[in-house]
Amino acid sequence: MATTTVSIGSNQNIDTETPNGATGSNPYVVTFGTNPNSTVAVGDIMTMDDSANSGDTIIYLLTGISGSNYTVKWCSGGSSAESPTNIVDEYGDQQDAVFKRAFSTIILFEAMVDDSSPSYWGSSDDVVGELHADSTFTDNTVNFNQKQSLSSVKLTVNSDDRHDGTAESGALWKPTSGSGHDQGIIRVAIDSFTVEWLDISMASLDSANTNKAIVLTGTNDDCIIRNNLIHDKGGNPGNNGPHIIHVIGAGASTDTLTIQNNIIYEIVETNNDSVSAINVNPWSGIANIYNNTIYKLTCAGSSKSSTGIVFGNISSSVSNVKNNIVALLTVVGASTLARAYAKWASGSTANTANNLSDDTTHATYNAEDMNQSLNDSSALIGKTLAQIDFVSTSAGSEDLHLDTSSVCLEAGVDLGTTNGVNIDIDGVDRDATGVTWDIGADQKSEAESTGNPAFFLLMN
Amino acid sequence: MEVIVKVNDGPVASSYKDGDIVQAFTLDEIYLHHAQQKCNVKNFGFEIDGFRTPDPLLLDFLEKTRTYKFERLNSNDVKRTNLITNQEDIINTTPNESGERINVYQYVSRRIKNKNHLIFRSNGLEYWYGKTKNDIDIDSVWNGIETYSGNLKSQHTNFPFSDIEKRYFAAINTSGRSYVGDSFTRVELSGDTVHVRQQIALENPPEEIPEDYAPIVVAKRRWFVPYWDLTTELDSSVDDLRNRNHMCDCRKAMEEREHIDILTFDKVTEGIISI
């Protein structure tokens, strides 16, 4: 399958350069008098004014950059594909090429995925929508319910604009209005969908009805949710409290869902509702829940619960729950409502290893027993926040990377490389380090110096 | 208020329909998108020591759009100032009464590996800003931008839709009216009036909502613009609007905009769908 990447961002004037050569026949390999600036990326469009000839603006999609060679594919404008060097003004002089983002918002990208006949990708392509941190994304809800005959859809962030594991350090998605109650900021009803590297702040939604960040409705085979930061949901969103990653459909027993290397924190309900961070309870297939860090879940109401990860209510389900951290659960009512891990039914299958729960969870729901007396001897239980040792839990500068004294360091299990589980919250390849995996979304210690090259060294 | 409208029906019943308002923006949201672009970290360089250059445009923007300022005081202590309340406290490796702590050396060490970092240094000590405010005074932000750059707020009144979007969708703006007697002036629309226009049409929920309740989507959008009946108001023909090789931008200056009730309609009220 071909992969087509399109950029998503608000910069509609990234750079303007003049082509000085082109080879090939759609796609064209174009060179410029001056190379476009480094903000220009694969997936951007290149537009050229052809008013002197066809009367149109010609749009090309930038599909590759190799040194000074820019590969572009004609998409629309004029009657047929035309080389960029043939686009001239009324005096025959070469027209400039203007680089812009392909889409300005995530919703409009989704609307194009929903369309039957876009000319920007092939009908069976793997389509990648790549966010750029030109400005904050404010989309209230994006409903991926159709992908036509596309092979897969991925919503990701350009590598230059990815977060570094802390909020607001890369492309930020901060909705400014409600999604609709139980609707979710991202709602997914398609197979083969990946959402990764997003930084979703729910901080503007305290008075809005948004109570979920990512909702999977059940047709979600081979869906992957990875390397995301989701945080700061407060207030009272309505009759149902926050459930940040929530599967609400069953899927099929052969379907696989993967949720890994995410950080979810500061989820605080204020009026008589329960809270959960990852809820795959109705899922009837395979759920891989690996290396997530969940911190500070607060419910409201004497009968309400704060739950980190809940799974396994369907007998056919197989839940693989490994290397996760759940810490700081607060409840108003009985202590049994503080639940780090909850395997809901006894008949389902759970493969658990090396999970951590802190001293705020009830023992029944700790990483060892998970509501079913699993007696997982690899679990770390009863740990304090000081033992977990996050770098910063200070409001406004939260940094849930592991600090130097953490009990999570090299306390995990190697999960291989499937679906990129080895890539931690800020891009460190755990496998490339040769050290034992850490628990949670961050790989600390030796791995730190090899995965994400230092921009410069701090002099302390 | 600006809306972007689907042109032509999507391929299946659950797709967007012809005329659907896909997304809507307040003028303040539009101003903020442009302000964020002007003050994007990539527009600013580094000092010789690798910390971000304390450009007055960037610092003014951060002061006005962030909730906290953090200033390192020594090897362990950080002063945190709430820029909304001016309340100050000291945080360090010892948890405070709220359990908050920070290892500032580790924190700063990690941040500055990111080439888009926003860590500044003054007199050998780092400072930075945290957490974007929910309620940003956009006029104040643009005052700063106009003071420290050549950009004018008045030239940034349109959402930066892409050329692809202007071919596959229709960009339209509209206004409200403020009446004095029988005469009116056109005014910007804000908040809920705008955002309701981009709502999904969801079935009314039951009175008792179960925890695993899945709202039923009746239509991908509840509001629409019947542009095919509004060619005069939009100054654009149906053929042009539906031609994907033609860019259509129906946005007008404020004094020429049609009233919101002339352009936008609720499918439920119009009897097109029921929830």
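How many residues does the contact take from chain A and from chain B? In this predicted model, the contact takes 69 residues from chain A and 66 residues from chain B. Five elements of chain A give two or more residues to the side that touches chain B: β5 (45-50), β6 (56-66), α1, β32 (390-392) and β33 (399-402). The largest share comes from α1(A), with 4 residues. By class, this side of chain A has 38 polar, 19 nonpolar and 12 charged residues.

Helix α1(A) recurs in several parts of the model. It spans residues 106-113 of chain A. Is this helix enclosed or exposed, and why? Of its 8 residues, 8 are buried, so α1(A) is largely enclosed by the rest of the structure. The buried residues are I106(A), I107(A), L108(A), F109(A), E110(A), A111(A), M112(A) and V113(A). Within chain A, α1(A) packs on a sheet and touches β1(A), β9(A) and β11(A). Its direction makes about 150 degrees with that of β1(A). The helix also lies across β1 and β2 of chain B. There, α1(A) runs at about 170 degrees to β2(B).

The sheet of chain A is open and has 9 strands. Their order is β1-β9-β11-β14-β17-β20-β23-β26-β29, and the pairing is parallel. Strands β1 (3-8) and β29 (349-353) of chain A stand at the edges. Each has a single partner strand, so one side of each is left without a neighbour in the sheet. From one strand to the next, the twist averages 10 degrees.

Edge strand β1(A) is joined to β9(A) by 6 bridges, and the two run parallel. Within this pair, I8(A) stands opposite L131(A) of β9(A). Burial of β1(A) is extensive: 5 of its 6 residues are buried, so the strand is largely enclosed by the rest of the structure. Further along the sheet, β23 (residues 286-290) and β26 (residues 318-322) of chain A pair in the parallel sense over 5 bridges. N288(A) has N320(A) of β26(A) as its bridge partner.

Chain B holds an open sheet of 3 strands, with the order β2-β1-β8. Here the pairing is antiparallel. The edges are β2 (21-25) and β8 (169-173) of chain B. Each edge strand has a single partner, so one side of each lacks a neighbour in the sheet. The twist averages 20 degrees from one strand to the next. Strand β1 (residues 2-6) of chain B pairs with β8(B) over 5 bridges in the antiparallel sense. In that pairing, V5(B) stands opposite A170(B).

V5(B) also marks the nonpolar interior. The largest nonpolar core has 184 residues, and those with the most contacts inside it are Y60(A) and V5(B). The element that gives the most to this core is α1(A), with 7 residues. Beyond four places in sequence, V5(B) touches G19(B), D20(B), I21(B), V22(B), F169(B), A170(B), I172(B), V225(B) and Y227(B).

Helix packing was examined for one pair in chain B. Helices α1 (residues 27-38) and α4 (residues 138-148) of chain B pack at an angle of about 35 degrees. Their axes are 10 Å apart. The crossing of α1(B) and α4(B) is left-handed. From α1(B), the contact is made by D28(B), Y31(B), L32(B), A35(B) and K38(B). From α4(B), I138(B), V141(B), W142(B) and I145(B) take part. These residues divide into 7 nonpolar, no polar and 2 charged.

Two single residues of chain B complete the account. H195(B) lies in helix α6 (residues 191-195) of chain B. Is H195(B) buried or exposed? It counts as buried, because 21 C-beta neighbours lie inside 10 Å and the cut-off for burial is 20 or more. Leaving aside neighbours within four places in sequence, H195(B) is in contact with N140(A), S177(A) and A24(B). The C-alpha atoms of H195(B) and V3(B) are separated by 9.9 Å, although these residues are 192 residues apart along the chain.

V268(B) is found in the segment after β14 (265-266) of chain B. This residue is partly exposed, with 15 other C-beta atoms within 10 Å. Not counting residues up to four places away in sequence, V268(B) touches R222(B), I273(B), S274(B) and I275(B). Of these, R222(B) is 46 residues apart from V268(B) along the chain, with a C-alpha separation of 7.2 Å.

Definitions and conventions: Residues are numbered from 1 along each chain as its sequence is written. Chains are lettered from A and ligands numbered from 1 in the order in which they are written. This is a predicted model: local features need pLDDT of at least 70, side-chain atom pairs count only at pLDDT 80 or more; totals for chains, interfaces and linings use all residues. Axes are lines fitted to C-alpha atoms, for helices over the stretch in contact, and angles run from 0 to 180 degrees between N-to-C directions. A crossing is left-handed if the near helix is turned anticlockwise from the far one by less than a right angle, and right-handed if clockwise. Two residues are in contact if their C-beta atoms, placed from the backbone, lie within 7 Å. Ala, Val, Leu, Ile, Met, Phe, Trp, Tyr, Cys and Pro count as nonpolar, Asp, Glu, Lys and Arg as charged, and the others, Gly among them, as polar. A residue is buried if 20 or more other C-beta atoms lie within 10 Å of its own, exposed if 12 or fewer, and partly exposed in between; C-beta atoms are placed from the backbone. Two strands pair if DSSP finds at least two bridges between them. A nonpolar core is a set of buried Ala, Val, Leu, Ile, Met, Phe, Trp, Tyr and Cys residues joined through C-beta atoms within 7 Å.
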